[in-house]
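Biologist: Could you show me the model, please? I would like to ask about its side-chain contacts.

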Amino acid sequence: MSLRVGEAATAPDFPAAAKRSIANTQLRHNVRHATDVIRAKRARVVGEVPDWEQLRDAGSAIKAHTLQHLDFYLTQFETACTNAGGRVHWARDADEANDIIVGIIRQHRQSEVIKVKTMTSDETRLNVALEEAGITPYETDLADLIVQLGEDKPSHIVVPALHRNKMEIRQLFLEKMKLAELGDQAEDLADAARRYLREKFLRVKVGISGANFAVAETGSVCVVESEGNGRMCVTLPEVMISLVGIEKVIPRFQDLEVFLQLLPRSATGERMNPYNSIWTGVSPGDGPQEFHVVLLDNGRTSVLADVQSRETLSCIRCGACLNACPVYRQTGGHAYGSVYGGPIGAILTPQLQSMEHSQSLPYASSLCGACYEVCPVKINIPEILVHLRGKVVDRGDAVLSERITMRMAAFALSNSSRLAAAQKLVRIGQWPFERDGKVENPPGMLKAWTEARDLPAVPKQSFREWWSKRQERKPA
Ligand code: SF4
């Protein structure tokens with residue numbers, strides 16, 4: 001079985017990749033500006049909802065219940081979807097999912113597909129598999145189109161081209177769409193994309209989507225979006241294929257009421273998505289006449305098996321945790337080496353790969369808790385990060401300097417005489433760098449650490465020393 005999360009297995013460690021991203025001032029400016037705009041919009045529309053906290057509780061409870069009974073709801077979805085005329089396929093991993101999709105397209109002798117934005121297909125690297133099979137995929141979401149034309153990688157789970165600014169996109173469109181003229185306003189760029197995509201919508205016979213939600217009781221698939229490209233992709237083609245992670249299932253149609261309020265406000269700061277497409281099987285004479293759902297595991301059942309981090313699968317991919325994260329806001333998404341960046345990527349990617357790769361990602365966080373505060377389904381990301389750090393240590397994969405430091409600390413802290421000796425040694429060592437009770441400008445690795453943080457000096461007298469002196473002074 002080949003578990004794959006984009007290219008995470010071969011990506012460099014987060015610190016090395018982050019260093020490169022941070023050196024790119026244009027990228028940092030673009031990411032900071034875009035996340036500031038989305039955060040402000042989100043805060044405004046969330047503030048309008050008096051029962052926002054109750055909505056978050058409801059979203060969290062529905063997801064927790066579904067994960068606990070996932071086997072039941074998945075088979076219920078399969079039955080309902082099949083009864084409505086759909087066909088359900090089960091894929092253990094990325095290769096199996098890609099093979100199923102390529103097989104369906106070949107059966108219909110087609111060589112092109114139009115795609116709605118789907119991070120799950122980026123996870124399985126579906127576009128690469130399609131191209132290897134001689135099938136041309138056309139991304140139709142504006143941001144995904146920008147990424148595809150630029151031969152780039154997504155840097156945000158909701159706004160994949162967030163690292164690009166308007167002038168960069170204009171230049172890209174001029175070159176790749178072979179345009180003689182193009183204005184530099186957002187409307188000009190949207191208009192160019194519309195003209196480029198329109199004839200593909202009308203010509204191509206196979207559509208591929210992901211799913212924001214899959215409703216177990218009705219067998220319906222739901223996709224929300226802002227541009228209308230998704231609506232075109234799920235209604236115009238003759239054959240529709242939806243690649244759905246198994247965690248996307250929700251029990252009842254009524255549950256959409258909760259998520260369709262939580263998701264748009266958290267993701268893009270909209271009160272509701274302009275386009276909410278929900279389809280169930282096939283309807284004669286209306287929309288695609290063949291509908292396939294590929295249910296993808298790709299490591300999700302092993303995440304489910306760990307009760308301490310299972311809630312990772314509750315994620316509705318709103319991206320709010322990315323916009324709030326002080327680390328993501330500096331580095332952007334590429335540094336995470338995975339299609340899933342930011343705090344959710346830091347917990348999801350290592351787990352999907354059974355902690356085989358990306359061990360640096362659980363450390364790509366200051367544990368400030370900003371992600372937890374904004375998460376619409378209340379995933380306790382800081383707690384899961386700490387849990388995963390524990391797993392990294394248990395596997396013996398912690399970095400050498402950390403392992404040595406922890407061993408030395410364990411040696412000193414497990415015996416009071418050793419601790420006293422260590423305190424004396426540190427007092428001598430810190431003396432040249434001590435200013436007003438703090439250690440400033442020490443040598444080695446501590447130098448960088450103290451540049452942005454206060455390191456209190458070891459006090460001249462420990463509590464034990466103070467206590468024993470006090471006892472000596474006491475009259476008999
Ligand atoms: S973890 Fe929460 S905030 Fe982050 S993308 Fe998922 S649902 Fe949104």
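**Side chains in contact**

Modeller: Here is a starting point: Glu290 and Arg87 form a salt bridge, and their closest N and O atoms are 3.9 Å apart. Keep in mind that this is a predicted model.

Biologist: How many residues apart in sequence are the parts that Glu290 and Arg87 tie together?

Modeller: Look at the strands. Glu290 lies in strand 10 (residues 290–296). Arg87 lies in strand 1 (residues 87–91). The pair therefore ties together parts whose separation in sequence is 203 residues.

Biologist: Is Glu290 buried or exposed?

Modeller: The cut-off for buried is under 20% relative accessible area. Glu290 has 14% relative accessibility, so this residue counts as buried.

Biologist: And what does Arg87 count as?

Modeller: Between 20% and 50%, a residue is called partly exposed. Arg87 has 43% relative accessibility, so the label is partly exposed.

Biologist: How many salt bridges does the count come to?

Modeller: Each one needs a side-chain nitrogen of Lys or Arg within 4 Å of a carboxyl oxygen of Asp or Glu. By this rule, the count of salt bridges is 25.

Biologist: Which helices hold the salt bridge partners Arg329 and Asp36?

Modeller: Their side chains meet at 3.0 Å, N to O. The two parts are 293 residues apart in sequence. Arg329 is in helix 15 (residues 328–331), and Asp36 is in helix 2 (residues 25–47).

Biologist: Which of these two, Arg329 or Asp36, counts as buried?

Modeller: Asp36 has 35% relative accessibility, so Asp36 counts as partly exposed. At 11% relative accessibility, the one that counts as buried is Arg329.

Biologist: Arg317 and Glu247 also meet in a salt bridge. How many residues apart are they?

Modeller: Their N to O distance is 3.1 Å. Both residues are buried. Arg317 is in the loop between helix 13 (300–305) and helix 14 (320–324). Glu247 is in the loop between strand 7 (239–245) and strand 8 (249–250), and the separation is 70 residues.

Biologist: Now the rings. How many aromatic pairs does the structure hold?

Modeller: Rings of Phe, Tyr and Trp pair if their centres lie within 6.5 Å. The number of aromatic pairs in the structure is eight.

Biologist: What kind of pair do Phe72 and Tyr73 form?

Modeller: Planes over 60 degrees apart count as edge-to-face. The ring centres of Phe72 and Tyr73 are 5.1 Å apart. Their planes are at 75°, so the pair is edge-to-face.

Biologist: What kind of pair do Phe463 and Trp467 form?

Modeller: Planes under 30 degrees apart count as stacked. For Phe463 and Trp467 the planes are 20° apart and the centres 6.1 Å apart. The pair is stacked.

Biologist: About how much of the helix separates Phe463 and Trp467?

Modeller: Both lie in helix 22 (residues 463–473). They are four residues apart, so the separation is about one helical turn.

Biologist: Which ring does the charged end of Arg418 sit over?

Modeller: For a charge over a ring, CZ of Arg must be within 6 Å of the ring centre. The charged end of Arg418 is 4.0 Å from the centre of the ring of Phe411.

Methods:
Residues numbered from 1 in each chain as written. Predicted model: local features only at pLDDT ≥ 70, side-chain atom pairs only at ≥ 80, totals over all residues. Heavy atoms only, no water. Phe/Tyr/Trp six-rings, centres within 6.5 Å; stacked < 30°, edge-to-face > 60°. Lys NZ or Arg CZ within 6 Å of the ring centre and 35° of its normal. Buried < 20%, exposed > 50% of the residue type's maximum accessible area, 1.4 Å probe, protein only.
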